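The following note was prepared for a colleague who wished to have the packing of this model reviewed point by point. The entry is shown below, and the remarks come after it.

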Amino acid sequence: RRLVRLAVLEELQASYGIKVKSGSCLAAAEQPGAKVAEGKTFGVSFHALPQSLVPEYGYIPSFLVDTCEYLEEHVHTEGLFRKSGSLVRLKALKSKLDQGENCLSAALPCDVAGLLKQFFRELPEPILPPHLQEGFYKAQQLGNEKKTATVLLSCLMAHRTIEALRYFFNFLRTVSLRSNENRMDSSNLAVIFAPNLLHSNENEKMSATTEKR
């Protein structure tokens with residue numbers, strides 16, 4: 001795997017002019033699995049969360065599976081992810097989840113959607129690794145070659161992260177296919193989720209330039 005990643009790094013730079021620091025890339029992709037966190041969901045390392053085996057995808061954080069499955073049942077809800085849930089209810093739901101309580105089934109769709117956004121935003125490190133984000137930005141400027149470059153960049157990510165992103169993006173596709181009801185097409189979903197998936201681990205307001213990119 002290390003040799004494959006080195007070959008990918010070389011191809012990205014030679015063919016697309018995308019340079020990624022090999023040291024940080026290899027270290028991030030090969031880090032051992034983190035110890036599973038007991039009883040906490042938010043603000044925990046992505047790889048330390050309890051996992052569920054999902055056929056055709058692999059091991060996915062259980063919270064992500066539970067929220068996506070719940071929201072698929074309410075995918076017709078207008079303004080899903082765009083309409084804000086109640087801050088009071090969100091706080092209560094977070095507290096119950098961190099105590100191991102199964103409380104999603106009784107929650108409102110917009111509250112669960114808000115929890116999912118908050119989950120990604122509060123990860124200690126963004127799910128799309130910081131050392132690859134600039135490469136992903138550059139790949140989108142490549143016209144017909146952007147898909148190939150993006151796939152190559154994804155090969156540099158940890159396997160568990162790729163499995164989770166495949167699962168989550170397929171869920172977002174399901175939401176977008178019902179956009180005639182929920183008014184949430186792929187463009188609307190991208191605007192909402194980009195700041196959560198690409199967040200900085202520093203408490204800084206995203207600049208206008210970064211937000212546009």
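**Notes on the core and its helices**

1. In this predicted model, the largest nonpolar core comprises 58 residues, and those touching the most other members are Phe-81, Leu-116, Phe-120 and Phe-168. Two or more residues are supplied to this core by each of α1 (2-16), α3 (62-73), α4 (87-98), α5 (109-121), α6 (130-139), α7 (146-154), α8 and α10. Helix α8 provides the largest share, namely 7 residues.

2. For context, the chain contains 11 helices and 2 strands. Their order from the N terminus is α-α-β-β-α-α-α-α-α-α-α-α-α. The chain has 213 residues, of which 42% count as buried. Among contacts with a separation of 6 or more, 69% are between residues 24 or more positions apart.

3. Phe-168 deserves separate mention, as one of the residues with the most core neighbours. When neighbours within four places in sequence are left aside, the contacts of Phe-168 are Leu-64, Cys-68, Leu-116, Phe-120, Phe-193 and Leu-197. Two of the core residues named in the opening point, Leu-116 and Phe-120, are thus among the partners of Phe-168.

4. The pairing of α8 (residues 159-176) with α10 (residues 186-197) may be described geometrically: the helices pack at an angle of about 150°, and their axes are 10 Å apart. The crossing of α8 and α10 is right-handed. On the α8 side the contact involves Phe-168, Phe-169, Leu-172, Val-175 and Ser-176, which meet Ser-186, Leu-189, Phe-193 and Leu-197 of α10. By class, the residues of this contact are 7 nonpolar, 2 polar and no charged.

5. Which residues of α10 are buried? They are Leu-189, Ile-192, Phe-193, Asn-196 and Leu-197. These residues lie on the same side of α10, because the arc they cover around the axis is only 125°. The packing partners of the buried residues of α10 are α5, α6 and α8.

6. Pro-109 is located in helix α5. Is Pro-109 buried or exposed? Its relative accessibility is 14%, so Pro-109 counts as buried, the cut-off being under 20%. Beyond neighbours within four places in sequence, Pro-109 is in contact with Tyr-70, Leu-71, His-74, Thr-77 and Leu-80. Of these partners, Leu-80 is 29 residues from Pro-109 along the chain, with 7.3 Å between the two C-alpha atoms.

7. Two residues other than glycine have a positive phi and may merit a check of the backbone. Phe-81 has a phi of about 80° and is placed in the loop between α3 and α4. With a relative accessible area of 1%, Phe-81 is buried; Phe-81 is also among the residues that touch the most other members of the largest nonpolar core.

8. The second case is Arg-183, for which phi is near 60°. Arg-183 belongs to the loop between α9 (179-182) and α10. Its relative accessibility is 47%, so Arg-183 counts as partly exposed. The two positive-phi residues therefore fall into separate classes of accessibility, Phe-81 being buried and Arg-183 partly exposed.

Methods:
Residues are numbered from 1 along each chain as its sequence is written. This is a predicted model: local features need pLDDT of at least 70, side-chain atom pairs count only at pLDDT 80 or more; totals for chains, interfaces and linings use all residues. Side-chain values use heavy atoms; hydrogens and water are left out. Axes are lines fitted to C-alpha atoms, for helices over the stretch in contact, and angles run from 0 to 180 degrees between N-to-C directions. Helices (H or I, at least four residues) and strands (E, at least two) are DSSP runs, numbered from the N terminus. A crossing is left-handed if the near helix is turned anticlockwise from the far one by less than a right angle, and right-handed if clockwise. Contact means heavy atoms within 4.5 Å. Ala, Val, Leu, Ile, Met, Phe, Trp, Tyr, Cys and Pro count as nonpolar, Asp, Glu, Lys and Arg as charged, and the others, Gly among them, as polar. A nonpolar core is a set of buried Ala, Val, Leu, Ile, Met, Phe, Trp, Tyr and Cys residues joined through side-chain atoms within 4.5 Å. Buried means under 20% relative accessible area, exposed over 50%, partly exposed in between (1.4 Å probe, protein chains only). The arc is that of the directions from the helix axis to the C-beta atoms.
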